[in-house]
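Here are two short exercises to work through with the model open beside you. Try each task before you read its solution.

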Amino acid sequence: MIRTLLHYQLKHQIVDVPAFSIPQAPTEAITLSQRVAYLLSDNHESLLLSDRILRTLDVDLATALDAGFRQEDPLALLEIHKTLYQIYEVSLCHPLSPVCQHEHSPWLLNIRRQLETAWMNYELPRILHQLPHDHTINHPESLSVWFIDQAHKESETDRAVLNFFKTQATIENFKLFLRSEAPLCFRFFDALALAQLYSSEIVKAEITSNMWDECGHGIEQNSHINLFTRMLKALNIEPPKFPIWNDWRPYAGYNLYFCFGFNRQHYFRSLGSLAMPELFDSNRNHAITTGLERLYPDAALRCKYFYSHLEDEDEHGSNWLSRIILPISKIQPEAGMEMAIGGAFRMEAMRRYNEFLALRFGL
Ligand SMILES: [Fe+2]
């Protein structure tokens, strides 16, 4: 059995990618996510008690779904999202890892489908009131304005977190924040790549431009993953091997990229969801760099990752609107609505992530 998914390293891989821990014995596989991790770790003939654990999964799943989405128990929601995170990792991890043999196994697809369906059914009613009216959907320019307005809406917590970064966050606070950001930074290129499958030429061109930035314009040391890793090193931060989150909300925000990216039916939602950070990140990154400059006189050198994003974001934001949202919604208003749903889901996820940060910072 593998000790961890990190056991397998790509030859030229510089950073450890976040993955998940594997229970080493069936007695350690207690929760839903632990049981799924255990069942993923090898072929079931080689795994002790795998049959028995497989038989309990339906009950585990029904219990978690009820507690999570009906009773809104945060621990059940954490189990649900940890499990989904692991399932998405199967399609993103090293191809020679034993977990990959389960990628399309009926037992895993069944769990994934139940989790995703219940999750989407839970979320949709929560964003309905934010969605654009028919008039907006039928006027693509108005839909672009809707995206900008939604991206710039700030809750009190959003404002408090940005203000905290600017004026009060300590080095320890920033270390926690950057360790929390790591999983998505390491996987963002993949989230973009999933939005490339069979789309229009103009959409491909715009996403390719984002991906070109992500890979450092072909210069390995300038790729965003490498800039992020170097920033961690420059700030004496150990890159986390697994997500450090002890809360369902950051898991849900991360999972949203892959729930949309791995489900063809959610393709337009993935475009809407990817558009939002291009529109709100610039404000966020300004707050972060202001805080970093307060703590490190050489922040621009140590934290090039954030400065390089500041240079790109304004252009990316307006291009996503003019080259993706606008042309697609002009041709097909229903696709415009799907993109708006994806955008609203992303904003909800961003607000929840800020609530998680506010809690961790004691705000
Ligand atoms: Fe990036």
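**Exercise 1: two domains and their contact**

This predicted model splits into domain 1 (5–126) and domain 2 (132–361).

Task: Find how far apart the C-alpha centres of domain 1 and domain 2 lie, and work out which helix gives the most to the side of domain 1 that touches domain 2.

Solution:
- Start with the centres: those of the two domains are 25 Å apart, taken over C-alpha atoms.
- Next, take the contact itself, to which domain 1 brings 22 residues and domain 2 brings 24 residues.
- Now look at the domain 1 side, where α3 (74–90) and α4 (106–127) each supply at least two residues. Of what touches domain 2, α3 gives the most, with eight residues.
- Finally, sort that side of domain 1 by class: 14 residues are nonpolar, three are polar and five are charged.

**Exercise 2: helix α6**

Task: Compare the expected span of helix α6 (residues 140–152) with the distance between its end C-alpha atoms, then say where on the helix its buried residues fall.

Solution:
- Helix α6 has 13 residues, and at 1.5 Å a residue it should span 18 Å; the end C-alpha atoms are 19 Å apart, which agrees.
- Pick out the buried residues of α6: Pro140, Leu143, Ser144, Trp146, Phe147, Gln150 and Ala151.
- Look down the axis of α6: these buried residues fall within an arc of 155°, so they line one face of the helix.
- Turn to the face pointing away from the buried side, and you meet the exposed residues Glu141, Asp149 and His152.
- Last, see what covers the buried residues of α6: the cover includes α5 (134–137), α12 (267–295), α14 (304–331) and α15 (333–361).

Note on methods:
Residues numbered from 1 in each chain as written. Predicted model: local features only at pLDDT ≥ 70, side-chain atom pairs only at ≥ 80, totals over all residues. Domains from an automatic or database assignment. Contact = placed C-beta atoms within 7 Å. Helix = DSSP H or I, 4+ residues; strand = E, 2+ residues; numbered from the N terminus. Nonpolar A, V, L, I, M, F, W, Y, C, P; charged D, E, K, R; others polar. Expected span 1.5 Å × (residues − 1). Buried ≥ 20, exposed ≤ 12 C-beta atoms within 10 Å, placed from the backbone. Arc of directions from axis to C-beta.
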